[in-house]
Amino acid sequence: MINDIIQIAKEAGGIIRNAHGTKFSVEVKSNNLKNLVTEIDKKSEKTITEFIRKNYPTHNILAEEGGEHKSSSEYLWVIDPLDGTTNFAHGLPIFSVSIGVQYKNETVAGVVYDVMRDVLYSAEKGSGAYENEKRITVNSNHSIEESLLVTGFPYNVAENPEKVFERFIEMLKVARAVRRLGSAAIDFCYVANGVFDGFWEVHLNPWDICAGKLIVEEAGGKVTDFNGNSISIFNKTILSTNGKIHNKMIELLNKV
């Protein structure tokens with residue numbers, strides 16, 4: 001199955017790459033000018049869901065743009081057809097395709113395709129994490145002061161949900177630097193390959209989390225909520241680290 005996921009992620013990524021820098025329609029979702037969807041999101045998702053329905057017709061689908069396709073199967077495909085839509089719509093080349101597959105509510109395979117870099121991250125439960133063909137692991141940094149962190153902000157950021165501003169400031173004060181890339185799936189993968197030491201965010205969706213969480217865990221990292229508790233893909237507070245700075249980040253997140 002992992003080879004099928006890789007194949008369709010790359011096919012969807014090709015659609016996105018070919019559209020980058022061209023003209024396409026952009027819509028606003030939920031009357032929020034920060035929350036965009038393009039016709040390319042929809043084309044990518046259609047390509048993926050049609051592939052699943054052809055090759056795995058009994059499987060369930062949970063996708064960002066198309067909602068749910070339910071059956072009695074114990075398999076669930078969780079899809080973000082274009083993670084980083086705002087970046088894509090503005091011509092910033094940081095966006096991805098994210099596909100995770102769950103069996104009996106446990107993620108067993110995940111793929112994140114970093115489209116413009118043509119880099120594919122993948123993991124199967126119990127088999128390690130990979131960047132293209134290379135096995136990857138989280139880094140060994142133990143110092144929060146020497147850490148490069150990454151975060152993102154929810155579409156309702158103006159309401160300051162979960163104290164996002166205060167928590168951001170606490171991390172800025174202590175860490176070496178904090179970045180904001182605009183694709184949660186890529187953020188997870190950059191923790192997995194040792195670029196980032198830690199990633200936190202609130203109000204993510206299952207399709208933002210599913211594949212990336214598995215890739216981090218298979219790379220030896222840790223993913224919990226802000227209190228250190230294990231999470232499902234439906235949790236709304238996410239902390240992902242190399243494991244070594246995890247407790248310090250929990251302390252900082254709960255300081256405010």
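Which helices and strands each supply at least two residues of the lining of the largest pocket? Before getting to that, bear in mind that this is a predicted model. The answer is a list of five: strand β5 (75-83), helix α3 (85-90), helix α5 (184-192), strand β13 and helix α6 (206-218).

That pocket is a good place to start looking around. Its volume is about 600 Å³, and 32 residues line it, with Phe 153, Tyr 155, Arg 180, Gly 182 and Glu 201 the closest to its centre. As for the chemistry of the wall, the lining of the largest pocket divides into 10 nonpolar, 12 polar and 10 charged residues.

Two of the helices on that list, α5 and α6, also pack against each other. Their axes are 8 Å apart and the angle is about 5°. An angle under 35 degrees counts as roughly parallel, so α5 is roughly parallel to α6. If you want to click through the contact, on the α5 side pick Ala 184, Ala 185, Phe 188, Cys 189, Val 191 and Ala 192, and on the α6 side pick Asp 208, Ile 209, Gly 212, Lys 213, Ile 215 and Val 216. By class, this contact of α5 with α6 has nine nonpolar residues, one polar and two charged.

Now for the enclosed space. Rolling a probe the size of a water molecule over the atoms shows where empty space is left. Here the count comes to one cavity of 30 Å³ or more, and the largest cavity has a volume of about 50 Å³. Its lining is made of Thr 151, Gly 152, Phe 153, Val 164, Arg 167, Phe 168, Trp 200, Glu 201, Val 202 and Phe 226. Helix α4 (164-174) and strand β13 (198-202) each give at least two residues to this lining. Sorted by class, the cavity lining has six nonpolar, two polar and two charged residues. Some names come back here: Phe 153 and Glu 201 line the cavity, and both are also among the residues closest to the centre of the largest pocket.

Follow α4 and you reach another helix pair. The axes of α4 and α7 (residues 246-253) come within 9 Å and cross at roughly 130°, which makes α4 oblique to α7. In this contact, Arg 167, Glu 170, Met 171 and Val 174 of α4 meet Met 249, Leu 252 and Leu 253 of α7. The classes here are five nonpolar, no polar and two charged. Arg 167 takes part in this contact and also lines the largest cavity.

Last, go back to the beginning of the chain. Helix α1 (residues 2-19) and helix α2 (residues 39-55) have axes that come within 9 Å and cross at roughly 155°. That makes α1 roughly antiparallel to α2, and their crossing is right-handed. From α1, the residues in contact are Asp 4, Gln 7, Ile 8, Glu 11, Ala 12, Ile 15, Ile 16 and Ala 19; from α2, they are Ile 40, Lys 43, Ser 44, Thr 47, Ile 48 and Phe 51. By class, the α1 and α2 contact has eight nonpolar, three polar and three charged residues.

Notes:
Residues numbered from 1 in each chain as written. Predicted model: local features only at pLDDT ≥ 70, side-chain atom pairs only at ≥ 80, totals over all residues. Heavy atoms only, no water. Axes fitted to C-alpha atoms, helices over the stretch in contact; angles between N-to-C directions. Helix = DSSP H or I, 4+ residues; strand = E, 2+ residues; numbered from the N terminus. Parallel < 35°, antiparallel > 145°, perpendicular 65-115°, else oblique. Left-handed = near helix turned anticlockwise from the far one by under 90°. Contact = heavy atoms within 4.5 Å. Nonpolar A, V, L, I, M, F, W, Y, C, P; charged D, E, K, R; others polar. 1 Å grid on protein atoms, 1.4 Å probe; cavity = no way out; pocket = protein on both sides within 12 Å on 5 of 7 lines; lining within 4 Å. Points joined across faces, edges and corners; volume = space filled by probe spheres on them.
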